[in-house]
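Visitor: Please take me slowly through one part of this model, beginning with the pairing of strands and following the neighbouring pieces from there. I would like the terms explained as they come up.

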Amino acid sequence: MYLLKKLGWFFKLEKRRYLVGILALGLVSVFNLIPPRVIGQVIDKIASQELTTPDLFINILYLVLSGFAMYGLRYIWRMYIFGTANHLGRILRFQLFEHFTKMSPSFFQRFRTGDLMAHATNDINALVMTAGGGVMSAVDASITAIVTLFTMFVVLDWRLTLIAILPLPFMTMATSALGRRNHTAFKSSQEAFSKLNNHVQEAVSGIKVTKSFGYQAAEVVAFTQTNQEVFDKNMEAAKFNALFDPVTITFVGLSYVLTLIMGGLFISNGELTIGELVTFITYLDMLVWPLQAMGFLFNVIQRGAVSYERIDTLLAQQSDIVESENPLPTINNGDLSYAIDSFSYEDQETLSRIYFSLKKGETLGIVGPTGSGKTTLLKLLLRERDVTSGFISLDGQDIRKYRLRDLRGLMGYVPQEQILFAMSIRDNIRFANPDLSDALVEKAAQLCGIYEDIVAMPQGFDTIIGERGVSLSGGQKQRLAMSRALAANPDILILDDSLSAVDAKTEHHIVENLKNERYGKTTIITAHRLSAIVHADLILVMENGSIKERGTHKELMAQAGWYYDTYQSQQLTECLTASLEGGTS
């Protein structure tokens with residue numbers, strides 16, 4: 001009942017298609033009664049030597065017509081029940097995918113990728129089976145059992161019918177007990193499958209690291225253990241699943257024994273004909289399917305209930321980022337202001353006393369030691385997380401008042417870890433705008449200094465780069481990700497340490513292009529190499545989540561603090577590197 005209640009919205013949505021399918025399925029059960037009755041009557045006429053040639057042809061015609069009718073009706077119910085069940089899979093997959101796209105990063109920290117994939121595949125398949133095979137089993141078994149038992153009870157012999165169904169209550173108790181055990185076993189097998197998915201996904205994604213450490217053998221051993229666990233859990237579930245048919249057939253066998261014993265007595269007493277007993281046994285044989293179907297139905301419902309609970313748990317997760325109930329209708333780039341009293345992440349203060357403003361069209365540079373809070377500042381602007389005490393304003397409005405899609409649509413973001421897609425370089429660059437012209441795609445590549453690398457490849461811009469850009473170097477990934485951001489021509493460009501993997505010459509080329517091409521547009525750059533932000537209108541030096549120094553490059557050099565020491569050290573290192581390279585050559 002739990003699962004039926006949960007899926008009630010779908011059955012209401014598709015009630016017309018289900019009604020057509022159920023009607024066709026019911027008619028199949030009715031037509032299915034004709035052949036045994038015809039055969040029984042023919043046997044009795046043969047026994048009494050009353051069968052004529054016209055009678056024989058009429059009975060054959062009945063069999064042929066009922067056969068064609070059942071053929072057509074079976075096609076209809078399969079299309080309208082099994083076909084409709086596939087709509088449930090389509091709807092749930094869309095709901096899950098849409099839900100994933102709306103969730104904040106904390107959601108993906110709680111649920112691993114392989115687990116989410118298992119929900120979107122195995123669990124949904126279990127529910128499709130419930131809405132298809134489960135509904136078919138419930139309806140067909142119920143109609144066939146009721147119609148067949150009614151015919152046996154009224155048309156043939158009510159006493160023999162009551163005797164034949166004596167073992168069935170005991171069968172119901174046995175299958176119920178098996179169903180409860182199967183529910184627990186299937187839940188464990190689904191959880192084990194999620195764990196296996198996680199293992200495979202992480203192993204494939206980190207294959208380069210695994211090989212570089214020579215860890216292949218240990219990884220194979222770890223996978224073998226996980227795979228064995230999945231096998232054991234599935235075998236446990238299969239064990240209980242496999243017991244349903246033998247239990248059903250055992251009790252049905254008892255019904256046959258009782259029928260033959262009592263039927264023989266009724267025939268010897270002249271209370272039943274041989275043809276009627278043959279018909280009765282045929283009908284009893286027809287009851288085997290409903291009884292097996294009930295066991296199958298119980299099994300399918302138990303599995304579907306487990307899967308729905310797992311999917312429902314995911315869909316019930318709430319994003320940390322909440323849209324404004326009355327969002328502003330439009331958004332424009334403007335002055336940017338941070339006024340953060342404090343921000344805590346997992347009960348640990350990450351930022352405190354962050355106050356600064358940036359005029360529209362200016363460039364902001366953010367530097368500081370690792371873990372100083374640079375990336376957190378950017379994530380708060382992107383609303384991957386929300387400020388807990390204070391606010392961030394854009395064009396005079398708190399960014400929480402804007403629609404998320406409007407706010408993020410104003411920005412181009414290049415994260416520290418570049419995410420590239422297993423498609424061509426051209427399609428990666430124009431990801432945000434699939435209709436972008438080839439000329440603009442090439443221009444974005446030129447601005448980021450990767451154009452020459454691309455045209456040197458055999459397929460040029462049509463080169464397929466593999467999952468997560470596996471075929472590219474670190475510097476190529478960064479420049480390609482920057483090209484993708486620049487191709488969208490965002491009002492606010494955010495580069496989160498996006499020049500760390502390029503050399504000084506390429507960095508200078510990119511920075512100069514940004515200065516020339518993005519006049520009047522806001523740019524925010526975090527960097528470890530200070531040469532990337534010397535041109536910035538405002539530079540913030542972060543330390544332990546607070547602003548330690550601020551100003552232009554010239555002003556910070558005059559302060560002779562952390563910025564000055566780091567810049568001098570980096571310049572000296574670059575000079576020494578250049579000298580060594582010159583000497584080597």
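Guide: Strand E1 (residues 336-345) pairs with strand E4 (residues 389-394) in the antiparallel sense, over six bridges. Two strands are said to pair if DSSP finds at least two bridges between them, and the element names follow DSSP runs numbered from the N terminus, with helices (H or I) of at least four residues and strands (E) of at least two. The model is a predicted one, in which local features need a pLDDT of at least 70 and side-chain atom pairs count only at pLDDT 80 or more, while totals for chains, interfaces and linings use all residues. Residues are numbered from 1 along each chain as its sequence is written, and side-chain values use heavy atoms, with hydrogens and water left out.

Within the pairing of E1 with E4, Tyr338 stands opposite Ile392 of E4. On leaving E4 the chain enters a hairpin with strand E5, with two residues between the strands, and Asp395 in this turn has a positive phi of about 55°. E4 and E5 (residues 397-398) pair in the antiparallel sense over two bridges, and Leu394 stands opposite Gln397 in E5.

Before E4, in the loop that links helix H14 (374-381) to this strand, lies Arg383. Its phi is near 60°, a positive value in a residue other than glycine. Most residues other than glycine have a negative phi. Arg383 counts as buried because its relative accessibility is 0%, where buried means under 20% relative accessible area, exposed over 50%, and partly exposed in between (1.4 Å probe, protein chains only). Tyr355, in strand E2 (residues 348-358), counts as partly exposed because its relative accessibility is 38%. The C-alpha atoms of Tyr355 and Asp341 are 8.2 Å apart in space, although these residues are 14 apart in sequence.

Beyond these strands there is an open sheet of six, in the order E6-E7-E8-E3-E9-E10, with mixed pairing. Its edges are strand E6 (411-414) and strand E10 (546-551), each of which pairs on one side only. From one strand to the next the twist averages 15°, an angle taken between N-to-C directions on a scale from 0 to 180 degrees, with axes that are lines fitted to C-alpha atoms (for helices, over the stretch in contact). At the E10 edge, strand E9 (residues 538-543) runs antiparallel to E10 and is joined to that strand by five bridges, with Met542 opposite Ile547 in E10.

E9 also leads to the largest nonpolar core, since E9 is among the elements that each supply at least two residues of this core, as are strand E7 (492-496) and helix H22 (562-584). A nonpolar core is a set of buried Ala, Val, Leu, Ile, Met, Phe, Trp, Tyr and Cys residues joined through side-chain atoms within 4.5 Å. This core has 42 residues, and those with the most contacts inside it are Ile425, Ile429, Leu480 and Tyr563. Helix H19 gives the most to the core, with six residues.

Between H19 and E7, the loop holds Asn489. The phi of Asn489 is near 50°, again a positive value in a residue other than glycine, and Asn489 counts as partly exposed because its relative accessibility is 47%.
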